[in-house]
Number of protein chains: 2
Amino acid sequence: MVMQISAEKLCLHLKSHGRRLTKARRAVIEYLFKVSAPVTAVDIIENLHNKGLQVNKTTVYRELEFLVKMNVVNEVSISKQIMHYEVSHLDHHHHLVCDKCGCIQEVDTSAVEMEMTKLESRVLGLGFKIDHHNLEFFGTCADCK
Amino acid sequence: MVMQISAEKLCLHLKSHGRRLTKARRAVIEYLFKVSAPVTAVDIIENLHNKGLQVNKTTVYRELEFLVKMNVVNEVSISKQIMHYEVSHLDHHHHLVCDKCGCIQEVDTSAVEMEMTKLESRVLGLGFKIDHHNLEFFGTCADCK
DNA sequence: TTGACAGATGCAACCCAGTTGCAATAATAT
DNA sequence: ATATTATTGCAACTGGGTTGCATCTGTCAA
């Protein structure tokens, strides 16, 4: 389970662990916290660029890799073309993805999660230790219907 | 819901719908039915090659696209690098993927599916029509633990 | 059996998300 | 101010997947 933290707290946390607070890192983190939705590396680069901050794509990919390793950002597989990234919130949630317009909504899956916890202990008895899961829903949103 | 069919029945079905039974198509379909597990385009090409059947990767990708469109093959997102494909069986199922050795097992998710059906009707009330979902579990298999 | 049509194929070039190696830069501690 | 080392930019690369187009080949009707 991940702490619920703000962008500033995260920056301080990183700093106290020997990480440096560069313009790029700060901007990527702030953007991820601000949008609070699954975004792509391209989205991030574009946003920083619009702010007048020139950051190389390699830097962004490395920063994302780093934040995922630090468990403060999750990879979200909602497109088969490109990876999305989202701040790890306290509440484990999943998404409704519209196949037509691509919009993304969060959805409450607590009842489903409860069944998955049972499944988890069941397969643990069979020798498989589940560590995490992917779950995304696809369909048509209210606006596109 | 998809008919439970064999490779031969599928071929006949395709033929009766104006499709041609080429060596490549037949071989791809037979392989997918034989392995009955999520495989990649590369796996397929390799298998055909080992059988002495030279098939271009473009052909394989086009065949997979076609079979997905025909609803007899599903795309399975268990790797962020490469897409997997699997014959659509009557029983809707999901997978346990070992993060260490990459092995894939099927898992019974019927209880989870029941909760997802409830979720589905709940979000339908909110205007979102769910069409399909992705669900895969990741962790460590019995052999790798 | 033959010929023609349209589906299927191969090829080469391409697209694009993501990665790598390495030299240069810059944030921090002293 | 300086040394240390994390971070960055660049350019080239990787690899899954796609596209356009000329060619081929299953299929079927005559």
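Which residue of chain B forms a salt bridge with A:Glu75? The partner is B:Lys80, and the closest N and O atoms of the two are 2.6 Å apart. Keep in mind that this is a predicted model, so we're reading computed distances throughout.

That pair is a good way into the contact between the two protein chains. Chain A and chain B have 2 salt bridges between them, and the A:Glu75 and B:Lys80 pair is one such bridge. Add to that 16 residue pairs in polar contact across the interface of chain A and chain B, with both residues at pLDDT 80 or more. On the chain A side, several elements each put in at least two residues: strand 3 (94–98), strand 4 (104–107), helix 5 (110–125) and strand 5 (129–140). Strand 5 of chain A gives the largest share, with 12 residues. Sort the chain A side by class and you get 18 nonpolar, 8 polar and 10 charged residues.

How much surface goes into this? The size of an interface is often given as the accessible area lost when the parts come together. For chain A and chain B that's about 2,900 Å², with 65% of it on carbon and sulfur atoms. Each chain brings 36 residues to the contact.

Now look inside chain A. The domain assignment splits the chain into domain 1 (7–87) and domain 2 (94–139), and their centres, taken over C-alpha atoms, sit 24 Å apart. Where the two domains meet, 7 residues of domain 1 are in contact with 7 residues of domain 2. About 510 Å² is buried between them, carbon and sulfur atoms giving 58% of that. The domain 1 side of this contact has 3 nonpolar, 3 polar and 1 charged residue. The rule finds 0 salt bridges between these domains of chain A, and 1 residue pair is in polar contact.

Finally, on to the DNA. Strand C is surrounded by 22 residues, the closest being B:Arg20, B:Thr22, B:Arg25, B:Thr59 and B:Arg62. By class, this surface has 6 nonpolar, 8 polar and 8 charged residues. Helix 4 (57–69) of chain A, helix 2 (23–35) of chain B and helix 4 (57–69) of chain B each supply at least two of them, and helix 4 of chain A has the largest share, 4 residues.

Which parts of the DNA do side chains reach? An N or O atom in the side chain of B:Thr59 is 2.5 Å from a phosphate oxygen of strand C, and one in the side chain of B:Arg19 is 3.1 Å from a phosphate oxygen. A:Arg20 goes for a base instead, with a side-chain N or O atom 3.5 Å from a base nitrogen. Overall, 55% of the strand C atoms within 4 Å of the protein belong to sugar or phosphate, and the rest to bases.

Notes:
Residues are numbered from 1 along each chain as its sequence is written. Chains are lettered from A and ligands numbered from 1 in the order in which they are written. This is a predicted model: local features need pLDDT of at least 70, side-chain atom pairs count only at pLDDT 80 or more; totals for chains, interfaces and linings use all residues. Side-chain values use heavy atoms; hydrogens and water are left out. Domain bounds come from an automatic or database domain assignment. Contact means heavy atoms within 4.5 Å. Buried area is the accessible area (1.4 Å probe) that two parts lose on being put together, summed over both. A salt bridge is a side-chain nitrogen of Lys or Arg within 4 Å of a carboxyl oxygen of Asp or Glu. A polar contact is a pair of N or O atoms within 3.5 Å; within protein, one must be able to donate a hydrogen and the other to accept it, and residues adjacent in sequence count only if both atoms are side-chain atoms. Ala, Val, Leu, Ile, Met, Phe, Trp, Tyr, Cys and Pro count as nonpolar, Asp, Glu, Lys and Arg as charged, and the others, Gly among them, as polar. A residue is near a molecule or strand if one of its heavy atoms lies within 4 Å of it.
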